[in-house]
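Student: I would like to learn how to read a protein model feature by feature, starting from the overall fold and moving down to single residues. Could you take me through one?

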Amino acid sequence: QVQLVESGGGLVQAGGSLRLSCAASGRTFSSYAMGWFRQAPGKEREFVARISESGGRTYYVDSVKGRFTISRDNAKNTVYLQMNSLKPEDTAVYYCATLRTYGSREGHYWGQGTQVTVSS
């Protein structure tokens, strides 16, 4: 089992940046593809980005492509989400999760989430 803890959320003005971190416990972090998801108020949780086990492959949904960057440091058991040019519609609780396979959009083990609020 993997335990995940997100951090780095906060309040930022439109056009600003935030970097989210997700720290994982356990010695098997590097064997998991990882994903970031978000849930806006009144909406279902949605997939945002994923990264392969080694970090060599990444994928983004169209709404964040070119603005968000997912990365990982397996030596630190941490995955990151750099968010630039933030928009009010990016406001949501952001979650990291392990993925059963790199191609999956479904999380397996989840963190508790971190709130991101973008003001206009």
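Tutor: What follows is a reading of this model, from the whole chain down to individual residues. Please keep in mind throughout that the model is predicted.

Student: Which secondary-structure elements does the chain have, and what pattern do they follow along the sequence?

Tutor: One begins by listing the elements and then reading their order. Here the chain has 0 helices and 11 strands, and read along the sequence it follows the pattern β-β-β-β-β-β-β-β-β-β-β. The radius of gyration is 13 Å, close to the 14 Å that the globule rule gives for 120 residues, so the chain is as compact as a globular protein of that length. Along its principal axes, the C-alpha trace spans about 40 × 25 × 25 Å.

Student: What share of the residues counts as buried, and what does the accessible surface come to?

Tutor: Burial and surface are two views of the packing, and I would read them together. Of the 120 residues, 46% count as buried, while the accessible surface of the chain comes to about 6,200 Å², of which 44% belongs to carbon and sulfur atoms. For charge, the chain has 14 positive and 9 negative side chains, and the centres of these two sets lie 4 Å apart.

Student: Among contacts between residues at least 6 apart in sequence, what percentage joins residues at least 24 apart?

Tutor: This number tells you about sequence separation within the set of contacts. For this chain, 56% of the contacts between residues at least 6 apart join residues that are at least 24 apart.

Student: How many residues are in the largest nonpolar core, and which of them have the most contacts inside it?

Tutor: In soluble globular proteins, nonpolar side chains tend to be buried together. In this model the largest nonpolar core has 35 residues, and those with the most contacts inside it are W36, V79, L81, M83 and Y94. The elements that give two or more residues to this core are β3 (18-24), β4 (33-39), β5 (46-51), β7 (68-73), β8 (78-83), β9 (92-99) and β11 (114-119). The largest share, 5 residues, comes from β9.

Student: Leaving aside neighbours within four places in sequence, which residues is V79 in contact with?

Tutor: Setting those neighbours aside, V79 is in contact with L20, S21, C22, F29, M34, W36, I51, I70, S71, R72 and C96. One of these partners, W36, is also listed with V79 among the residues that have the most contacts inside the core.

Student: Where do N77 and S85 lie, and is each buried or exposed?

Tutor: Backbone angle, location and exposure are best read side by side. Phi of N77 is near 50°, a positive value in a residue other than glycine; N77 lies in the loop between β7 and β8 and is buried, with a relative accessible area of 19%, where the cut-off for buried is under 20%. Phi of S85 is also near 50°, but S85 is found in the loop between β8 and β9 and is partly exposed, with a relative accessible area of 41%.

Student: What separates the C-alpha atoms of A75 and K87, and those of S31 and T98?

Tutor: Sequence separation and spatial separation have to be read as two quantities. A75, which lies in the loop between β7 and β8, is exposed at a relative accessible area of 76%; its C-alpha atom and that of K87, 12 residues apart along the chain, are separated by 32 Å. S31, in the loop between β3 and β4, is partly exposed at 47%, and the C-alpha atoms of S31 and T98, 67 residues apart along the chain, are separated by 9.6 Å.

Terms used. Residues numbered from 1 in each chain as written. Predicted model: local features only at pLDDT ≥ 70, side-chain atom pairs only at ≥ 80, totals over all residues. Heavy atoms only, no water. Helix = DSSP H or I, 4+ residues; strand = E, 2+ residues; numbered from the N terminus. Rg over C-alpha atoms; globule rule 2.2 N^0.38 Å. Buried < 20%, exposed > 50% of the residue type's maximum accessible area, 1.4 Å probe, protein only. Contact = heavy atoms within 4.5 Å. Areas by Shrake-Rupley, 256 points an atom, 1.4 Å probe, with all protein chains shown as cover. Lys, Arg positive; Asp, Glu negative; His and termini not counted. Charge placed at Lys NZ, Arg CZ, Asp CG, Glu CD. Core = buried A, V, L, I, M, F, W, Y, C linked by side-chain atoms within 4.5 Å.
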